Amino acid sequence: MLRKEFIVLCLLATIFIGCANRGIGPQGGPRDSIPPVLVAMFPEDGTTHFNAKRIELQFNEYLQLDNVAENVLLSPPTKQPPEVRAVGKKVFVTFLDTLRDSTTYTIEFGSAICDFNEKVPLDGFTYSFSTGDALDSLEISGRVINSADLNPISGIVVGLHRDLHDSAFAISQFDNVAKTDSVGCFIIHNIRPGSYRIYALGDISRDYRYQPGEGLAFNDSIWHTSLDIQTFSDTTWLDSLAADSTPIIDTIIERTVVTKGPNDVELFYFKENKTRRYFQRAYRDEAHALRFILVGKQDTQPSFRALRPCEVDSSFRDSAFVDWMPYTRWSYNKTNDTILCWLTDSIAIRQDSLFAEITYQRTDSVYNLEMAKDTLRCVYRAPRLTEKMLETKARQAKNRRVEIKGNATGKFGIEKPVILTMSMPLDSLHKDSISLWQKIDTIYKELTFDLVPLDSAQLRYQVMYPWQSEGAYELRIDSNAVVDIYGKTNKESKIQFSIRSVEEYANLAVTLMHYDPHMILQILNEKGEPILDYKAWKIETDSTQATLHFKNLEPKSYYLKLFMDLNGDSLWTTGDWLQHQQPEPVYYYPKKLQFKANWDFEETWDYTAVPQLDGKPKELIKDAAKEKK
């Protein structure tokens with residue numbers, strides 16, 4: 001009995017210890033980071049006289065496929081892409097189209113083939129075969145760079161055309177294709193000897209031909225590939241192999257040297273300034289306010305005309321018509337694609353439906369601009385409110401005042417404009433009821449200033465005054481200083497702010513060597529974005545160089561970028577395929593600039609000193625395709 005009790009106690013102790021040490025025992029090994037290994041292929045890679053309908057690839061572990069449509073690429077492309085599927089440890093590629101005779105095909109799998117458990121991809125795997133007697137072996141390689149910021153761009157189709165006419169890019173599929181990797185590089189494999197034009201394409205339609213609206217890059221050069229057949233004597237050939245450089249035989253041996261073609265093709269990718277332009281929708285969120293939204297920049301302000309209800313719907317009577325257009329106030333944004341309209345006629349405000357005709361710019365199917373007209377019905381549907389809620393809303397409307405907000409608060413930047421924003425368009429503004437004061441010690445001194453309206457609706461005004469470093473200011477606004485279009489006025493208010501000291505800023509002088517009047521220099525923040533608040537304060541030029549002075553820069557880190565403003569519009573201009581126009585060239589200063597307060601900095605920049613694509617600082621280089629997601 002004692003022995004049995006002892007055994008039971010030992011078992012219980014073992015269970016207890018095991019439960020108390022749950023971390024002991026198998027915990028799993030390190031994460032698998034080894035991609036699948038190819039062990040067999042049927043038919044073999046490099047097969048000639050290929051006539052199979054399916055390719056079978058066997059691996060050493062179970063598989064899964066990732067994003068086949070994006071990763072797997074057949075070159076030359078077929079109208080219908082092959083079907084790719086994984087079953088267990090095998091990948092099957094089934095051709096759904098008839099393959100061309102005497103043609104070399106390459107399948108790029110990208111990162112599609114992954115192990116089943118950890119999804120580790122087998123990157124860069126390709127498979128080639130020929131339906132003819134020989135396998136074409138020439139290659140063209142290079143990289144695709146986003147022209148606006150010189151970032152590499154991944155996932156872009158790069159294609160070759162043996163047809164050297166420009167029209168081939170839009171009407172025919174590429175003869176050979178590849179895709180760019182994460183650093184924008186590409187290799188087009190298995191090309192036959194010949195002359196080609198090369199293009200890059202953001203192939204949204206996946207038809208391997210250019211469609212208006214797709215991003216692209218083109219090169220004016222014609223690229224040549226050839227097999228260089230050279231004849232060497234055995235002495236010349238074997239001397240390079242023998243350690244003692246002693247000739248062995250003296251017969252003639254012919255040796256074929258393969259010239260792979262260019263390996264430094266640079267393609268500058270761009271999207272044309274061809275966005276769709278169309279009218280999207282009219283909103284009437286409040287009875288007195290309309291909002292019109294268009295897609296795409298309008299070169300001129302769209303125009304509106306009130307319509308009789310019967311012009312839109314014959315069931316309406318003319319007696320319901322109110323020409324409300326003369327009783328409106330309008331506001332357009334800078335691109336004329338967002339338009340606000342306030343109604344001032346009480347009869348129009350009370351109507352459930354207002355009808356209008358808008359005339360605006362619209363693009364057709366091939367992005368040509370045309371003037372278009374649309375008929376609009378602007379409907380206001382009042383929310384269902386209880387009697388108490390209606391009383392509250394009416395009381396709020398009766399007691400509403402015009403709100404005036406200023407952007408200057410606390411310590412304000414010396415270069416920034418002081419803006420006043422109204423909550424509603426103004427009917428009148430009494431400038432003598434608005435005063436500007438400067439605090440000097442404990443005494444306030446009244447100043448002479450100007451108020452300049454910034455829009456036609458009189459919603460925003462700029463306070464114009466030569467602000468002084470370290471100056472303390474107070475903007476005093478009397479009650480009833482402004483009256484909005486509905487007769488409402490403002491409360492008395494004060495806006496206090498001070499101007500930062502110039503000693504808190506840094507100054508920069510940049511001397512540009514090989515100066516060209518087309519150069520436009522930009523200062524970028526640490527994210528690589530242009531700082532639009534600063535412009536060159538002074539430019540000194542001679543025949544070979546120019547020095548640009550920038551004042552009052554925040555003591556931060558910056559980068560420099562310039563572009564050649566070839567069309568003189570002061571903006572970077574993208575390319576145009578129909579005009580055969582490349583994007584305006586862009587260059588980066590290779591160093592990061594770190595500014596300190598109350599310092600003057602000088603930099604000299606020769607943009608020709610380093611190759612264009614080597615000048616961009618590494619910390620700013622990112623995959624342009626991923627940046628847009």
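Which residue does R85 meet in a salt bridge? The partner is E83, and their side chains come to 3.8 Å, N to O. Keep in mind as you look around that this is a predicted model. Both members of the pair are partly exposed: R85 has a relative accessibility of 36%, and E83 has a relative accessible area of 38%.

The R85 and E83 pair has company, as the count for this structure comes to 21 salt bridges. One of them joins E70 to R206, with the closest N and O atoms 2.4 Å apart. E70 sits in helix α2 (residues 68–71), while R206 belongs to the loop between β14 (194–201) and β15 (216–218), so this contact ties together parts that are 136 residues apart in sequence. E70 is partly exposed, and R206 is partly exposed too.

Another pair to find is E603 with K591, where the closest N and O atoms lie 3.9 Å apart. Here strand β44 (residues 600–605) supplies E603, and the loop between β42 (586–588) and β43 (593–594) supplies K591; the two are 12 residues apart. E603 counts as buried, because its relative accessibility of 16% falls under 20%. K591, in contrast, is partly exposed at 45%.

Here are the three pairs side by side.

| Salt bridge | N to O distance |
|---|---|
| E70 and R206 | 2.4 Å |
| R85 and E83 | 3.8 Å |
| E603 and K591 | 3.9 Å |

Which residues are linked in a network of salt bridges? Look for K411, R500, E504 and E554, which are joined in this way.

Note on methods: Residues are numbered from 1 along each chain as its sequence is written. This is a predicted model: local features need pLDDT of at least 70, side-chain atom pairs count only at pLDDT 80 or more; totals for chains, interfaces and linings use all residues. Side-chain values use heavy atoms; hydrogens and water are left out. A salt bridge is a side-chain nitrogen of Lys or Arg within 4 Å of a carboxyl oxygen of Asp or Glu. Helices (H or I, at least four residues) and strands (E, at least two) are DSSP runs, numbered from the N terminus. Buried means under 20% relative accessible area, exposed over 50%, partly exposed in between (1.4 Å probe, protein chains only).
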